[in-house]
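The following exercises practise reading a protein model step by step. Each task is followed by a worked solution.

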Amino acid sequence: MLITIPDILSKTDLFKLNTLLEQGQFKDGKLTAGWHAKLVKNNQQLSGNDKVARQAIAILNNGLQKNAIFSRVTLPRKMRPPLFSRYEPGMEYGNHIDDAVMGADRGFRTDISFTVFLNDPESYDGGELVMNSSVGEQKFKLQAGSAIVYPSTTLHRVAPVTRGVRQVTVSWLQSLVRSAEHREILFDIDTTRRAIFERDGKTKEFDLLSKSHANLLRLWAEP
Ligand code: NI
């Protein structure tokens, strides 16, 4: 399931984050790309061990943890350290698939990718995140502080920036539930039982749906 989530970061957090990023040291993004993604990746990234990066990551993590939709959609088990990227005019990231397995010990499976947009979409041209699907391309250019969350199984690209600067942060999750189809079923049942609870309280129907939700999670979770 592909979903956009508004306001992962508040205006205050965005301001703090962008002020930090102005002090950061950005390097060629090819340094963190796989051998074929390298061929099409043309952007700049904040070096990960930078003090600025650590502070920026803390602000982002705080926003993600506070967002109920983000955790209900993704069912996170673990997350890769986020990368902060800049695209200046002429920069883009061509079509690619994200690495399936990450980490020095190859101990991280990427189930879900996400991008949080960090600056005003009016301040730059181009720079859409473009997802390939069976019905053609879908383009996303979100408000500052909003996120797009999508299965890592998807081919995607970042369109060339032609004016201004595109600033985003991207990362990956290993989910408790590997299959995107299973995650979507769990999310739908969870959403429905919450709606029933809101409307009618803890009814028999709510209890049955909660039972199905819990037992499907038990079947599918890989803790
Ligand atoms: Ni990617």
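A strand, in these exercises, is a DSSP run of type E with at least two residues, and strands are numbered from the N terminus. The model is a predicted one.

**Exercise 1. The largest pocket**

Task: State how much space lies in the largest pocket, and determine which strands supply at least two residues each of its lining.

Solution.
Step 1. The space in the largest pocket amounts to about 520 Å³. Its lining has 31 residues, and those closest to its centre are Thr-32, Lys-41, Leu-83, Met-102 and Trp-172.
Step 2. Strand S6 (83–87), S7, S10, S15 and S17 each contribute at least two lining residues.
Step 3. With five residues, S17 provides the largest share of this lining.

**Exercise 2. The nickel site**

Task: Identify which residues coordinate the nickel ion, and describe where its donors lie along the chain.

Solution.
Step 1. The nickel ion is coordinated at 2.1 to 2.2 Å by the NE2 atoms of His-96 and His-156 and by OD of Asp-98.
Step 2. Along the chain, these donors follow the spacing H-x1-D-x57-H. Asp-98 lies in the loop between strand S7 (92–96) and strand S8 (101–102), whereas His-156 belongs to strand S15 (residues 156–158); the two are 58 residues apart, and the pair links distant parts of the chain.
Step 3. Asp-98 and His-156 are both buried.

**Exercise 3. Helix H4**

Task: Decide why the end-to-end distance of helix H4 agrees with its number of residues, and describe the ends and the buried residues of H4.

Solution.
Step 1. Helix H4 (residues 180–200) has 21 residues, so at 1.5 Å a residue it should span 30 Å. The expected span uses one less than the number of residues. The C-alpha atoms at the ends of H4 are 30 Å apart, which agrees with the expected value.
Step 2. At the N-terminal end, Ser-179 acts as a cap: one of its side-chain oxygens lies 3.2 Å from the backbone nitrogen of Glu-181. After H4 comes Gly-201, which has a positive phi, near 85°.
Step 3. The buried residues in H4 are Arg-183, Leu-186, Phe-187, Ile-189, Asp-190, Arg-193 and Ile-196. The buried residues of H4 pack against helix H3 (68–74), strand S10 (112–117), strand S17 (166–175) and helix H5 (204–220).

**Exercise 4. The cavity**

Task: State how many cavities of 30 Å³ or more are found, and which element supplies the largest share of the lining of the largest cavity.

Solution.
Step 1. One cavity of 30 Å³ or more is found in a search of the whole structure. The largest cavity holds about 70 Å³ of space.
Step 2. Its lining residues include Met-1, Val-73, Tyr-150 and Arg-183. H3, strand S14 (147–151) and H4 each supply at least two residues of this lining.
Step 3. The largest share, three residues, comes from H4.

**Exercise 5. Gln-45 and Glu-88**

Task: Classify Gln-45 and Glu-88 as buried, partly exposed or exposed, and describe their surroundings.

Solution.
Step 1. Gln-45 is located in strand S4 (residues 44–46). The relative accessible area of Gln-45 is 5%, so this residue is buried, because the cut-off for buried is under 20%.
Step 2. The side chain of Gln-45 makes a polar contact of 2.6 Å with the side chain of Thr-32. Beyond four places in sequence, Gln-45 touches several residues, among them Phe-26, Leu-83 and Phe-84.
Step 3. Glu-88 sits in the loop between S6 and S7. With a relative accessible area of 27%, Glu-88 is partly exposed.
Step 4. The side chains of Glu-88 and Arg-86 are joined by a polar contact of 2.5 Å. The C-alpha atoms of Glu-88 and Asn-43 are separated by 7.5 Å, although these residues are 45 residues apart along the chain.

**Exercise 6. Positive phi**

Task: For Asp-7 and Leu-75, give the value of phi and decide whether each residue is buried or exposed.

Solution.
Step 1. Most residues other than glycine have a negative phi. Asp-7 has a positive phi, near 55°, and phi of Leu-75 is also positive, near 45°.
Step 2. Asp-7 lies in the loop between strand S1 (3–5) and helix H1 (11–23). Its relative accessible area is 59%, so Asp-7 is exposed.
Step 3. Leu-75 lies in the loop between H3 and strand S5 (76–79). Its relative accessible area is 17%, so Leu-75 is buried.

Notes: Residues numbered from 1 in each chain as written. Predicted model: local features only at pLDDT ≥ 70, side-chain atom pairs only at ≥ 80, totals over all residues. Heavy atoms only, no water. Donors = N, O, S within 2.8 Å, 3.2 Å for Na, K, Ca; no water. Helix = DSSP H or I, 4+ residues; strand = E, 2+ residues; numbered from the N terminus. Buried < 20%, exposed > 50% of the residue type's maximum accessible area, 1.4 Å probe, protein only. Contact = heavy atoms within 4.5 Å. Polar contact = N/O pair within 3.5 Å; in protein donor to acceptor, adjacent residues only side chain to side chain. 1 Å grid on protein atoms, 1.4 Å probe; cavity = no way out; pocket = protein on both sides within 12 Å on 5 of 7 lines; lining within 4 Å. Points joined across faces, edges and corners; volume = space filled by probe spheres on them.
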